[in-house]
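Got your viewer open? Let's walk through a few strands together, one selection at a time.

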Amino acid sequence: MKPLHFLFSFILLIGSVSVGHGQILFKQKATLMGSLFEITVVDSDTLSARKNVQAVISEITRIENLISEWKSDSEVSEVNRSAGIQPVRVSPELFDLTKRAIYYSEISEGAFDISIAAMDKIWLFDGSMTEMPTESAIRKSVEKVGYKNIVLDSIHSTIFLRYPGMKIGFGSIGKGYAADKGRELMKQTGVEGGIVNASGDIATWGLQPDKNPWTIGINNPFKPHKLIEVLKLKESAVATSGSYEKYAEIDGKKYAHIINPKTGYPSTGLTSVTIVGPSAEFANALSTSSMVLGKKAALKLVKKFPSYRGVFLTDKGRVHKAN
């Protein structure tokens, strides 16, 4: 999915460098967490910039090794292997991330749920699906899904999944978390500005070398040559969830690849949701939840958080905004 379009030209170049006001703009792409990341820094010289970008890459690799459900030696994999058997002691970092994920489930009334990792893969979004799964198959697909069965013990820093076959996964907020942590590291290092683009989950800080803010446009899939909105960002984050590039079409109706964890049915009604606010992690949680909740409930949810705002595009091409 390519939900966001960057308006500054250097985004088209790998490892590109431009000079302005005694600073350089350096950008590098890397495949991390199974996705394409683009890391941009405003720095004093190329050598320093390369070193700082590599530090971000190392930090994101560290996070991937911690939270990946695909790496057998990760803490998340150990939690999943021990489902229904015993609690697993985890690092404070993973414990806190899981605790926040459960909070996102609570505020969205279950529209967001990291335990959806255990859902049976009965929906195909590669164009090959021509008929609906049976109701019984859909019900069965979410039998092991339910964030209320994730048990946290803050005293012992353990995570326990109550039933065998349960799983947790951070495919949703993991990249946003990585973008936030990459930005945090660069600010601590003294890098004045930049972007960590985690395959569409974006964290920005500072300014471009010409002292202008970072400029990002939100695509309109119904009008490919027209942007819904142009964002001018300093210290901010953006996340978009959408169905316009990955969906199943059955009997003339589109079903998004984002599944309702409570029902097992794909989300409908919204084509894309873009959330702008301080944290890429929370912006992603809100955008994912909003796709599942639908326009009315999503607008209500986002309005509860004044530091975040949402841009909602319905399946009929209408734009609605919150905050």
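Start at Ser199, in the hairpin of strand 8 and strand 9: with 2 residues between the strands, this turn has Ser199 at a positive phi near 55 degrees. Keep in mind that you're looking at a predicted model.

Now select the two arms of that hairpin, strand 8 (residues 193–198) and strand 9 (residues 201–205). They run antiparallel, joined by 5 bridges. To see the pairing residue by residue, click Ala198, whose bridge partner in strand 9 is Asp201. Then click Val196, which is partnered with Ala203.

Stay on strand 8 for a moment. Are its two faces covered or open? Covered: Gly193, Ile195 and Asn197 are buried on one side, and Gly194, Val196 and Ala198 are buried on the other. As a rule, side chains in a regular strand alternate between the two faces of the sheet. Since 6 of the 6 residues of strand 8 are buried, this strand is largely enclosed by the rest of the structure.

Next, add strand 4 (residues 35–43) to the selection. Strand 4 is antiparallel to strand 8, with 6 bridges between them. A handy pair to display here is Val42 and its partner in strand 8, Gly193.

Back to strand 9. Colour Asp201, Ala203 and Trp205 for one side, then Ile202 and Thr204 for the other; all of these are buried. With 5 of the 5 residues buried, strand 9 is largely enclosed by the rest of the structure too, so try hiding the surroundings to get a clear view.

Which strand pairs with strand 9 over 3 bridges? Bring up strand 12 (residues 236–242), which pairs with strand 9 in the antiparallel sense. Click Ala203 again: in strand 12, its bridge partner is Ala237.

Now for another stop: select strands 5, 7 and 6. These 3 strands make an open sheet in the order 5-7-6, with antiparallel pairing. The edges are strand 5 (88–89) and strand 6 (150–153), each of which pairs on one side only. Between strand 6 and strand 7 (residues 158–161) there are 4 bridges, and you can pick out Asp153 standing opposite Thr158 of strand 7.

Last selection: helix 3 (residues 92–107). This helix packs on the sheet and touches strand 6 and strand 7. Line up helix 3 against strand 6 and you'll find that their directions make an angle of about 130 degrees.

Methods
Residues numbered from 1 in each chain as written. Predicted model: local features only at pLDDT ≥ 70, side-chain atom pairs only at ≥ 80, totals over all residues. Heavy atoms only, no water. Buried < 20%, exposed > 50% of the residue type's maximum accessible area, 1.4 Å probe, protein only. Pairing = 2+ DSSP bridges. Contact = heavy atoms within 4.5 Å. Axes fitted to C-alpha atoms, helices over the stretch in contact; angles between N-to-C directions.
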